[in-house]
Amino acid sequence: MSTDPADTPAPTATVRPAHSADVPVLAAVAAATFELACPPSMTRERVDAFVDEVLSPGRFADYVADAGRHVLLAEREGAAVGYAMLVAGDPLDSDVRASIRLRPTVELSKIYVLPEAHGTGAAALLMARALDWASDVGAAGVWLGVNQQNERAQRFYRKSGFERVGTKRFLVGGVHEDDYVMERALPPLP
Ligand SMILES: CC(C)(COP(=O)(O)OP(=O)(O)OC[C@H]1O[C@@H](n2cnc3c(N)ncnc32)[C@H](O)[C@@H]1OP(=O)(O)O)[C@@H](O)C(=O)NCCC(=O)NCCS
C-alpha cells in the first residue's frame with residue numbers, strides 16, 4: 001500500500017445550513033476570501049471598507065436570522081472552508097431586473113471558498129445545495145453578479161449551468177465595479 005501523501009485523496013467537504021453560532025467563522029471566511037473576487041485594481045482601503053460594511057459579524061448575524069436568506073457553510077474535517085448566501089425575491093437593481101428572464105427568482109449573493117479548497121469540489125457542493133434551496137422555495141431561476149475580470153468564477157458558473165444575461169454595477173468602498181449578470185433555470189419541482 002502506498003504511503004505517499006500525494007496518493008491520499010483530499011478529504012471531501014460537507015455543506016450545511018449556517019446557524020447563529022457560525023457567525024464568527026462565517027465573517028472570518030468572508031473577510032479572508034472577499035479580495036479573491038476583486039480585480040487587481042482594487043485598493044486595500046476599498047476591500048476593508050466593504051468587509052466592514054457588508055461582511056462584519058453583525059451583518060452575518062442579520063443574514064443568518066433573515067427568513068428571506070439562506071446561508072450555507074462548507075466544512076472539511078471540521079474546519080470551515082467556504083460559504084454561500086442566497087436571497088429570495090425580485091431584485092431591486094434596475095439593471096438586474098431588466099436582465100433576468102426567470103421569475104420567481106433567487107439571487108446567489110455570495111459563494112466564496114478558501115484558496116486551499118479551490119478545485120476540490122467544495123464549491124460545487126455549495127452550488128448544489130444553493131440550487132436545492134432555490135428550488136425548495138419555488139424559484140424558476142437563480143441569478144448572480146460576478147466581476148467582469150473574475151474569470152475563474154465565471155468559468156465555475158458556466159460549468160454550473162449559468163449564462164451571461166446582462167451587466168450591472170457593484171459598489172465596493174464607494175466606487176463602482178462592472179459585473180456580469182448570469183442566470184440559470186431551475187428544473188421544475190416534480
Ligand atoms: C468561484 C469559486 C467559488 C469556484 O470554486 P473552485 O473550486 O475554484 O471551482 P472549480 O475549480 O470547480 O472551477 C473553476 C474553473 O476555473 C478554472 N480556472 C482557474 N483559474 C482560472 C483563471 N485564472 N481563469 C479562468 N479559469 C480559471 C479552473 O481550471 C476550473 O475550470 P475546469 O474545471 O474546467 O478546469 C472559487 O474559485 C472562489 O471562492 N473564488 C474566490 C471568490 C470568488 O471569486 N467568488 C465568486 C464571487 S462572484
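Student: In this predicted model, which residues does Gln-154 touch, if residues up to four places away in sequence are not counted?

Tutor: Gln-154 touches Val-146, Asn-147, Gln-148, Gln-149, Arg-164, Tyr-180 and Met-182, with residues up to four places away in sequence left out. Each of these counts as a contact because heavy atoms of the two residues lie within 4.5 Å. The place of Gln-154 itself is in helix 6.

Student: Why does Gln-154 count as buried?

Tutor: The word buried is used for a relative accessible area under 20%. Gln-154 has 5% relative accessibility, so Gln-154 counts as buried.

Student: What makes Thr-105 a buried residue?

Tutor: The reasoning follows the cut-off of 20% once more: Thr-105 has a relative accessible area of 4%, and therefore Thr-105 is called buried. Thr-105 is found in strand 4, and, leaving aside its neighbours within four places in sequence, this residue is in contact with Ala-88, Gly-89, Asp-90, Pro-91, Ile-100, Ala-139, Gly-141, Val-142 and Trp-143.

Student: How do you know that the side chain of Thr-105 reaches the backbone oxygen of Gly-141?

Tutor: The distance between them is 3.4 Å, and the cut-off for a polar contact is within 3.5 Å. There is also a backbone distance to look at: the C-alpha atoms of Thr-105 and Ala-140 are 35 residues apart along the chain, yet 6.0 Å separates them.

Student: Why is Glu-77 called exposed?

Tutor: Exposed means over 50% relative accessible area. Glu-77 has 72% relative accessibility, so Glu-77 counts as exposed. Glu-77 is found in the loop between strand 2 and strand 3.

Student: What makes the phi of Glu-77 worth a remark?

Tutor: Most residues other than glycine have a negative phi. Glu-77 is not a glycine, and yet Glu-77 has a positive phi of about 50°.

Student: Why is the peptide bond from Arg-103 to Pro-104 called cis?

Tutor: The peptide bond from Arg-103 to Pro-104 has omega near 0°, and it is cis. Most peptide bonds are trans. Pro-104 is found in the loop between helix 4 (94-99) and strand 4.

Student: Why is Glu-53 called partly exposed?

Tutor: A residue is partly exposed when its value lies between the limits of 20% and 50%. Glu-53 has 48% relative accessibility, so Glu-53 counts as partly exposed. Glu-53 is found in helix 2 (residues 44-54).

Student: How do you know that Val-87 is buried?

Tutor: Val-87 has a relative accessible area of 19%, and since buried means under 20%, Val-87 is therefore buried. Val-87 is found in strand 3 and, with its neighbours within four places in sequence left aside, is in contact with Gly-68, Arg-69, Val-106, Glu-107 and Ser-109.

Student: What makes a set of residues a nonpolar core?

Tutor: The members must be buried residues of certain kinds, Leu, Ile, Met, Tyr and Phe among them, joined through side-chain atoms within 4.5 Å. The largest nonpolar core here has 30 residues, and Leu-108, Ile-111, Leu-126, Met-127, Tyr-157 and Phe-162 are those with the most contacts inside it. Among the elements that each supply at least two residues of this core are strand 3 (79-88), strand 4 (105-113), helix 5 (122-136) and helix 6 (151-159). Helix 5 gives the most to this core, with seven residues. A second, separate core has 25 residues, including Phe-34, Val-47, Val-71 and Met-85. In soluble globular proteins, nonpolar side chains tend to be buried together.

Student: Which residues come nearest to the ligand?

Tutor: There are 18 residues around the ligand, and Gly-119, Asn-150, Arg-152, Arg-155 and Lys-159 come nearest. Helix 6 gives the most to this shell, with seven residues.

Student: How do you know that the side chain of Lys-159 has an N or O atom in polar contact with an oxygen atom of the ligand?

Tutor: The distance for Lys-159 is 2.8 Å, and a polar contact needs a pair of N or O atoms within 3.5 Å. A polar side-chain atom of Arg-152 lies 2.7 Å from an oxygen atom of the ligand, and a backbone N or O atom of Gly-119 also lies 2.7 Å from a ligand oxygen atom. The protein covers 71% of the 950 Å² of accessible area that the ligand has on its own.

Definitions and conventions: Residues numbered from 1 in each chain as written. Predicted model: local features only at pLDDT ≥ 70, side-chain atom pairs only at ≥ 80, totals over all residues. Heavy atoms only, no water. Buried < 20%, exposed > 50% of the residue type's maximum accessible area, 1.4 Å probe, protein only. Helix = DSSP H or I, 4+ residues; strand = E, 2+ residues; numbered from the N terminus. Near = heavy atom within 4 Å. Polar contact = N/O pair within 3.5 Å; in protein donor to acceptor, adjacent residues only side chain to side chain. Areas by Shrake-Rupley, 256 points an atom, 1.4 Å probe, with all protein chains shown as cover.
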